[in-house]
Amino acid sequence: MRKTDGLFKLLGLCLLAGVLVAGILFPVVGAAGVVSNQASETVDKTSSDLADIPPPLVTTVTDSAGAPIASLYSQYRIPVKTDQINDAMKWALISVEDKRFYEHHGVDWKGTLRAAVSNGAGGDTQGASTLTQQYVKNYLINVVNRTDKIGQEKAQEQSVARKLKEARIAIQLETKLSKEQVVAGYLNIVEFSRQIYGVGAAAQAYFGVPPEKLSVPQAALLAGMVNNPIANDPWNHPAAATSRRNLVLDRMVENQKLAKADADRFKAEPLGVSGDGPQKPAANCIGAGPENGFFCQYVEDYLRQQTGMSKDELYTGGYTIKSTLDKRANHEAKSSAEAQVKKTQNNVANTLALVKPGKNRHEVVALASNRDYGTDQAQGQTTYGLPYDVANVTGAGSTYKIFTAAAAMEQGKVGINDTIQTPQSYASKVFIGGAANCPKVAIGTTAYCLQNYGESNYGPQMSLQQALATSPNTGFVILEEKTGMKAVTEMASRLGMRNTMASNAANGGTVDPKSEKPEENQNQLSFYGPKPNYAGVGSFTLGVGPTSNLELANVAATIMSGGTWCPPTPIAQVLDRNGNPKPIKEPACEQAVPEGLANTLAVGMSKDDQPGGTSAKAASAVGWNRPMIGKTGTTDTSASAAFVGATPQLAGAAMVFKHPGSPYGGLRDNGPGNVVAVGDPKAGNMFGGGTPARTWFGAMVNILKDQPAEPLPQPDPKYLRGND
């Protein structure tokens, strides 16, 4: 480029500014100089924004094999290079928007003066914008200020300042970009309606072809839309779209880029757009489909909550997120959950979450529900994070006895081979404030009384290992008394119930189990919170609080990882828009409990699937023959139940519960595929060894069928017997 070119551009700009200031064409004489100065002060910053702020791109989520499962975006855009846009598209755009594009250097002075004279002295500054100026305006609207309504309004306001600023930036832009780059840049930024931006996305969405394959009438339709995408939408306004397309064809004839006979022939053709609307992927996890949608949603939630990535960054960054989703495992999990509870069953959710144990990572491989992921409520669909959110329902039942056992073992109160007391009924003087029919321990105060399930008589005592398999309630409440609620609740968090415990008021301090003074171990809250020596809620070990099924699965993964807790991550890798790895800061793994304790606890939980164990029937039904750990849980109203278990290769938890917002009552298990919600809690018969255990074993037996059966870890003698 010759040096004189820049001088001519600057001279032209000065002449334009002089015209504006003189007020010949615009009435505000006094303010024009100020406006010009303001434009000068901001033009460099805006030019920098154009260079530094990239356009929003589509983020792609894939499974563990790299196959795409969903697209996340606020603007559907497929970037294309200059050589990927055919001449028909380029000349259609130039002919209708800026036929002297190759003659000017960013500002069309002839067009500007003509538009100014035509508009008169009324202050209207519309018209005469070159393609380069439109590129600047569209970049400001669709990229720089896309979340700033005021900024967007300023980029479109009909003012001298805006026109002057736009012109100066356009001139700068053409000193750095070739004409072909300007056209390609414009066609990558401009809006085509319905969240579609750029010609790459528009060609695919409207006609199902890449931009290099667009025909002349197709190109004319798209070129005609950029002036007013909403008004020229071919589905909503076909007549307006046809008229605008034909105008573009006429302009191409005038510009000698199309023969009139061809233009007339093209005008007779239908618009040719696809179907009832543009063919583009869903803009969120709906695109992952009914089976994989929950996993996709967890990917999004995890990145936003655990790594600090904003939704805007996620939906505009153009990332490729390789997840840890195992499609086969997820399919088996979904099939098993749905085999137990129909997807359209009112008010009942059945979920399964699967996690790989490990000392460096705990990768989530499946998140499934009987319900489909989606927005069609009539078909039982939901977008609520059923398999991983802290369910706003009653809890996971006696699975929480794991935490009581672990805390007691850590303190040396008991080992897995030690005998614990398991009376048929029990009245606690530590956890007081029970039902009215419980024994009184002080004036106006009753004990917390409970009994083991139904008519079952477990005998007055049994080993801790046997208690974990048969689940007597009284034995674990007595262990809570000996251990103290603080240690138990902290153990729940340490082993994996991080979000669950943060959402519950399940706190408590150290208690004196030998105290005969009820006021020293209050089981109630004062108006201002827990009393100083608040014992906690004795029913915590019975799992009455809201619970994340995924976190419960991760507890099993922690135990099978030698006591190493890691966040349940769905992320394998994140690449930026340029294909470079993006570091993701996740919570670090930590040794939650001593390895010997975890290994011994695993052995203590290894009898649940054996004869006499609470999940034995479900295990036998599928021919289960692998070493495993397991624990069932059921709430007293039968409104929810759970099963948590693991092999060395894979951990998981299944949980069935009444859907949030459903009427009060329980669940009735009438066999696989026949689980219903009932209004009377007494009519419920749901147990963790029923629907949840069948769901877990039904999926795991198929997922692991080609993998060898691996042994459980060896126990640490230190934790076989307690010190007390």
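The paragraphs below lead from the overall make-up of the chain to its main sheet, a separate hairpin, a pair of packed helices and one buried threonine.

The structure is a predicted model, and its protein chain is built from 24 helices and 21 strands. Of the 724 residues in the protein chain, 55% are buried, while the surface that the chain exposes comes to about 30300 Å², with carbon and sulfur atoms supplying 51% of that area. If one considers the contacts in the protein chain with a separation of 6 or more, 72% of them are accounted for by residues 24 or more positions apart.

A good place to enter the fold is the open sheet of 6 strands, whose order is β14-β5-β4-β19-β18-β17 and whose pairing is mixed. Its edge strands are β14 (568-569) and β17 (629-634), each of which pairs on one side only. Helix α24, spanning residues 691-703, packs on this sheet and touches β4, β18 (640-646) and β19 (651-658), and the direction of the helix makes about 30 degrees with that of β18.

Within the sheet, strand β4 (residues 348-356) and strand β5 (residues 362-369) pair in the antiparallel sense over 6 bridges, and the two form a hairpin with 5 residues between them. Two positions help to fix the register of this pairing by eye: T351 has S369 in β5 as its bridge partner, and K356 stands opposite E363 in β5. On β5 there is also a pairing with β14, where 2 bridges join the strands and the sense is parallel; here H362 has P568 in β14 as its bridge partner. Strand β5 is largely enclosed by the rest of the structure, because 7 of its 8 residues are buried. When following any one of these strands, it is useful to recall that in a regular strand the side chains alternate between the two faces of the sheet.

Further along the chain lies another hairpin, formed by β20 and β21 with 5 residues between them, and in its turn G671 has a positive phi of about 115 degrees. The strands concerned, β20 (residues 666-669) and β21 (residues 675-678), run antiparallel and are joined by 4 bridges, and L667 finds its bridge partner in A677 of β21.

The helices can be approached through one packed pair. Two packed helices are described by the angle between their axes and the distance between the axes. For helix α3 (residues 87-97) and helix α8 (residues 179-189), the packing angle is about 85 degrees and the axes are 11 Å apart, which means that α3 is roughly perpendicular to α8. On the α3 side the contact is made by M89, K90, L93 and I94, and on the α8 side by E180, V183, Y186 and L187. By character, the residues of the contact of α3 with α8 divide into 6 nonpolar and 2 charged, with no polar residue among them.

The last stop is a single residue, T316, which is found in helix α14 (residues 311-316). Is T316 buried or exposed? Its relative accessibility is 7%, and since a residue under 20% is taken as buried, T316 counts as buried. Leaving aside residues up to four places away in sequence, T316 touches P55, P56, L57, S74, R146 and R577.

Definitions and conventions. Residues numbered from 1 in each chain as written. Predicted model: local features only at pLDDT ≥ 70, side-chain atom pairs only at ≥ 80, totals over all residues. Heavy atoms only, no water. Buried < 20%, exposed > 50% of the residue type's maximum accessible area, 1.4 Å probe, protein only. Contact = heavy atoms within 4.5 Å. Areas by Shrake-Rupley, 256 points an atom, 1.4 Å probe, with all protein chains shown as cover. Pairing = 2+ DSSP bridges. Axes fitted to C-alpha atoms, helices over the stretch in contact; angles between N-to-C directions. Parallel < 35°, antiparallel > 145°, perpendicular 65-115°, else oblique. Nonpolar A, V, L, I, M, F, W, Y, C, P; charged D, E, K, R; others polar.
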